[in-house]
Structure formats: structure tokens, C-alpha cells
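Please look through the sequence and the model below before reading on. The report then takes up the overall make-up of the protein and one particular link within it.

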Amino acid sequence: MLTNDLSKISLLIIGLYFCSSMPIGYAKGGESARQKALAFSLMSKGRAKFDDEKYIDAIQLWRQAYDTYQDNKLLLFIASTYSRVTDACKDEEKAWTAYLSACKEGACPNKKRGLERHQQFKSRCYITVTIDSSAPKATVSYEGRQWGTLPHKRDLLMDQYTKIKISAPGYLSEYIDLKLDDPSLKKSTPTGGETKPVNKTKIKVPLNVIPPESFFEKHQLPTPQIQHRENRLQLVAPH
């Protein structure tokens with residue numbers, strides 16, 4: 001389906017490049033026939049690489065085409081093609097972020113289809129994680145940003161997360177690491193002839209109560225027990 005879409009959009013871009021006086025996007029350093037021709041040449045070479053299933057090469061050529069002549073459809077080509085590259089969720093997220101950001105700032109042809117593909121990306125590359133604890137009023141934070149109170153549910157990119165902090169009043173904080181890039185966390189089950197990703201995981205983090213401690217223990221000071229006794233004797237001694 002993506003191949004057919006690219007064919008149709010390529011023909012449309014040809015017509016717009018060479019038959020229209022209205023710009024599709026904007027080019028660095030100003031628009032010119034040479035820049036349009038170069039961008040179209042790079043786009044065509046990328047299409048050939050795509051047809052040969054050399055997807056990384058196609059993506060690189062489309063990036064060069066976009067740098068030459070900034071047409072947001074090229075960003076859609078790039079983001080959509082990452083779905084055909086193995087273990088590329090992190091790069092694909094960056095590509096979708098660039099596409100969605102460009103859609104906010106300017107014209108975004110085929111936006112509806114782009115948003116549909118973005119949802120497909122999220123279903124493939126995100127895992128719904130639920131973090132909980134038996135400690136009351138427990139919260140979770142990551143890299144200094146507060147995520148919320150527990151139980152907390154969050155969609156996370158399949159990646160590694162270190163030192164996620166779980167804390168609660170009166171309890172010692174705990175830090176956990178999540179390795180969500182483990183393929184075993186991503187399973188598929190047949191659903192009506194298709195595969196539906198099952199990508200949920202639950203984590204319960206026990207917290208330990210802070211033990212009672214004296215002022216001196218808390219501040220790591222030596223406890224002056226003898227001095228305490230001397231002061232006490234002095235206070236009660238008769239005059």
C-alpha cells in the first residue's frame with residue numbers, strides 16, 4: 001500500500017514542481033528550478049531504493065531531498081518507511097516527531113493518512129506500563145520530571161529507562177530500571193486474521209519504612225553519650 005501511495009504522490013509532486021507557479025514548501029537559500037530539479041532527482045532515486053527494499057538508503061535520499069526543498073510529504077515518506085526497518089522504533093519516533101512538528105507549522109498534505117500511520121507506529125513501538133506500590137501516597141518520577149501518583153499508567157517507547165524513582169512519605173525511595181526494548185515484552189496474537197500487539201506490563205515496587213533514628217544518626221554525627229551523662233549529673237547535683 002505504501003508503494004502505491006508513493007507512486008501517486010510522486011506523480012503529484014512532478015506536476016506541482018514543474019507545472020505550478022505556487023510553491024509547495026520553501027527551500028533553503030531561496031527557490032529555484034535547479035533546487036526543485038535536484039530535490040525531484042533525489043526523491044526519484046529514493047523511490048528506486050525503496051522498490052529495491054533498501055529502505056535505509058531510501059530514507060537517506062529523501063532526507064537530502066527535504067534539505068534541498070522542504071516538502072512535508074517527504075517527511076511522511078521517511079517516517080512511514082521506518083516501519084519496514086528492523087528495530088528502528090527510536091529513529092521512527094524522531095521521524096514522526098519531525099513530521100508532526102512540520103504539520104503544526106505549515107501545510108501538511110495527506111495529514112489524515114499520516115496520523116493513521118502514526119497510530120500504527122505507536123501500537124508497534126510503545127508499551128503500556130503500570131507502576132504501583134503498597135505504600136500510601138507513593139509517586140513516580142523520571143529524570144527530575146514527576147510522572148504522577150501510584151498506581152500510574154503510562155505509554156512508553158520500547159527503550160531502556162534507568163533510575164525511575166518511586167517514593168512515598170515515611171518510606172525509603174527505590175529506583176528501578178525498565179528494559180522495554182526486550183523483544184519478549186512484545187507479543188502478537190491472531191485477531192480476525194491480523195496480528196494485534198499485546199504490549200502491557202505491570203510492575204509493583206515494594207518500599208521500606210524509614211527506620212527511626214536520632215538526630216545524630218540522621219546527620220552522621222558521633223553520639224556524645226558520656227557528655228550527656230555528665231550534663232545530667234550536673235543538673236541534679238545539690239548546690
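The sections below go from the whole chain to a pair of cysteines.

## Overall make-up

This is a predicted model, and the secondary structure of the protein in it consists of 8 helices and 9 strands. The protein has 239 residues, and buried residues account for 36% of them.

When contacts with a separation of 6 or more are considered, 55% of those in the protein are between residues 24 or more positions apart. The area that the protein exposes comes to about 15,400 Å², of which carbon and sulfur atoms supply 53%.

## The disulfide

A disulfide is a covalent bond between the sulfur atoms of two cysteines. The structure holds 1 disulfide, which is formed by Cys89 and Cys125, with 2.0 Å between their sulfur atoms. The link of Cys89 and Cys125 is left-handed, with an angle of -75° about the S-S bond.

Because Cys89 belongs to helix α5 (residues 89–105) while Cys125 belongs to helix α6 (residues 111–125), the pair ties together parts that lie 36 residues apart in sequence.

## Surroundings of the two cysteines

Are these two cysteines of the disulfide, Cys89 and Cys125, buried or exposed? Cys89 has a relative accessible area of 16%, and because buried means under 20% relative accessible area, Cys89 counts as buried. Cys125 is likewise counted as buried, with a relative accessibility of 0%.

Methods: Residues numbered from 1 in each chain as written. Predicted model: local features only at pLDDT ≥ 70, side-chain atom pairs only at ≥ 80, totals over all residues. Heavy atoms only, no water. Disulfide = S-S within 2.5 Å. Helix = DSSP H or I, 4+ residues; strand = E, 2+ residues; numbered from the N terminus. Buried < 20%, exposed > 50% of the residue type's maximum accessible area, 1.4 Å probe, protein only. Contact = heavy atoms within 4.5 Å. Areas by Shrake-Rupley, 256 points an atom, 1.4 Å probe, with all protein chains shown as cover.
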